[in-house]
Amino acid sequence: MDNTLVSVRSLRVNLMSPHGIVHAVRNINFDIGRGEILGIVGESGCGKTMTAKSILRLHDERKILYGGSISFEGRDIFGLNQKELAAMRGADVAMIFQDPMTALNPLHRVGDQIGEMLVYRGASRAEAKEKTLALLEDVGIHPAAERYRQYPFEMSGGMLQRVMIALALSHKPKLLIADEPTTALDMTVQAQILKLLVDLQKKNNMSILIITHNFGIIAEICSRVAVMYAGVIVESGEVHEIFHEPRHPYTRDLMMSIPQPKAAHRKLLTIPGMPPDLREKISGCPYAPRCGQVQDACRVSAPEMRQGPDSHSYACCNEICYA
Ligand SMILES: Nc1ncnc2c1ncn2[C@@H]1O[C@H](COP(=O)(O)OP(=O)(O)OP(=O)(O)O)[C@@H](O)[C@H]1O
Ligand SMILES: [Mg+2]
C-alpha cells in the first residue's frame, strides 16, 4: 500500500485583501506519510497556517484562490464538493490551534462539548459519555469524571489544550494538524503536551502535521521537517539530516536563534531585516536581502530545489552552501 497520506504539489495560495493580493504560499511541494510526524517551521508570516488550512480548505473561499493540488489518500481536495469536504473534515482530518478557547464554548461543560460531537456522529448519550471519559483519560485529564463536569474557565491552558486534543481525536482522524499547539504554554507544560502528541500518534497510528516557529519543537517530536520562508519551502528532509547539516542559510540562521542550555554562553543570533512583502513579486531568492552568503546570482533568479543526500533537498544557488 502507498505510504503517502497527503501529497501537496505546486500549492499556491493567494489571498485577496483590501491592500492587494497576498501571495501567501508560492508553489510548495511536500508529502505526509502514514504514521509520520512532519513539522513545518518558519518565522511569523511565512505561510505556515495558510498551508495547513489549505489541507482542510478552511479559508473563506470567496477571498482565496488556490493553485496546484492537494491529495488525501489519492482524493483531490480541491475537487471535493461541500458535502464531501464536510465528510473528510469529520472523519479523516482534525486540526488544533494555538488558543483552545477559540474552539471551546465557554458556556458548556467540557465533557458535554466532546460528548455532543460524538452524539452528532451517531453515538447514544450513554456511549458518548463513556467514550468521552475514556478520551479524557487518554489525554491525561484525571480524574476524568470530575473534570468532565468542569467549564473551560475552570481549567489551565495546558488542560484546555488536552481537551482540544481529546476533541480532535474523538473521531480517530488519520491526520492531526496542530498549529502552534504549545505556543501559549510554559516550557514544562509544552513538553508534556508534545509527549502526549507523540504517545497518541503511536497509539492511534495517525499522522501529525505540526506547525511551529520553534526549531526545538521540531527536534523534539518530528521525523521530517520543511523549513518555510516567505511562502516557499527552502529546505526539507529528515530532522537529523537537517540538524547535522543544514544547507540553506535561512535554516542555519533559524537554528542559531534557538536558545540552547548547553551553550548558554553562545550569543543568540537575531536575523537582521524583515521578510519580503508578500504582495509583491519576488525575483531571485526570497532570503537574499537578509542572507549573509548572498551572491549576485541569488538576486536574479529563484533557486531551484536541489536534491542532496538522502531525502534532503534545499533551494539555494550559492555553491558555498553545499560544501
Ligand atoms: N486576512 C488576511 N489579510 C491579509 N493578509 C493576510 C491575512 N491572513 C494572512 N495574511 C498574510 O499571509 C501571510 C501568511 O500568513 P500565515 O497566517 O500563514 O503566517 P504564519 O506563518 O502562520 O505566521 P504566524 O507564525 O504568525 O502564525 C502573512 O504574511 C500574513 O500577513
Ligand atoms: Mg500561523
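How many nonpolar, polar and charged residues does the shell around ligand 1 have? In this predicted model, the shell divides by class into six nonpolar, five polar and three charged residues. There are 14 residues around the ligand, and those that come nearest are Ser44, Gly45, Lys48, Thr49 and Met50. In terms of secondary structure, at least two residues of the shell are supplied by each of strand 1 (4-17), strand 2 (20-33) and helix 1 (48-56). Helix 1 gives the most, with three residues.

Several polar contacts can be picked out around ligand 1. A backbone N or O atom of Gly45 lies 2.7 Å from a ligand oxygen atom, and a backbone N or O atom of Gly47 is found 3.0 Å from an oxygen atom of ligand 1. Thr49 takes part through its side chain, where an N or O atom is 2.8 Å from an oxygen atom of the ligand. Taken alone, ligand 1 exposes 640 Å², and the protein buries 60% of that.

Attention now turns to helix 7, which covers residues 187-204. This helix has 18 residues, and the distance from its first C-alpha to its last is 26 Å, close to the 26 Å expected at 1.5 Å a residue. Both ends of the helix merit a look. At the N-terminal end, Asp186 acts as the cap, with a side-chain oxygen 3.1 Å from the backbone nitrogen of Thr188. On the other side, helix 7 is followed by Asn205, which has a positive phi, near 45°.

Between these ends, the buried residues of helix 7 are Gln190, Ile193, Leu194, Leu196, Leu197, Val198, Leu200 and Gln201. What do the buried residues of helix 7 pack against? Their helical partners are helix 4 (125-138), helix 6 (157-169) and helix 8 (215-221). The buried residues also pack against strand 3 (37-41), strand 7 (175-179) and strand 8 (207-212).

A last stop is Ser313, a residue of strand 12 (residues 313-314). Is Ser313 buried or exposed? Ser313 counts as buried because its relative accessibility is 9%, and the cut-off for buried is under 20%. When neighbours within four places in sequence are left aside, Ser313 is in contact with two runs of residues: Val234, Glu235 and Ser236, together with Met305, Arg306, Gln307 and Gly308.

Note on methods:
Residues are numbered from 1 along each chain as its sequence is written. Chains are lettered from A and ligands numbered from 1 in the order in which they are written. This is a predicted model: local features need pLDDT of at least 70, side-chain atom pairs count only at pLDDT 80 or more; totals for chains, interfaces and linings use all residues. Side-chain values use heavy atoms; hydrogens and water are left out. Helices (H or I, at least four residues) and strands (E, at least two) are DSSP runs, numbered from the N terminus. Buried means under 20% relative accessible area, exposed over 50%, partly exposed in between (1.4 Å probe, protein chains only). Contact means heavy atoms within 4.5 Å. A residue is near a molecule or strand if one of its heavy atoms lies within 4 Å of it. A polar contact is a pair of N or O atoms within 3.5 Å; within protein, one must be able to donate a hydrogen and the other to accept it, and residues adjacent in sequence count only if both atoms are side-chain atoms. Accessible areas come from the Shrake-Rupley method with a 1.4 Å probe; for residues, only the protein chains shown count as cover. Ala, Val, Leu, Ile, Met, Phe, Trp, Tyr, Cys and Pro count as nonpolar, Asp, Glu, Lys and Arg as charged, and the others, Gly among them, as polar. The expected span of a helix is 1.5 Å times one less than its number of residues.
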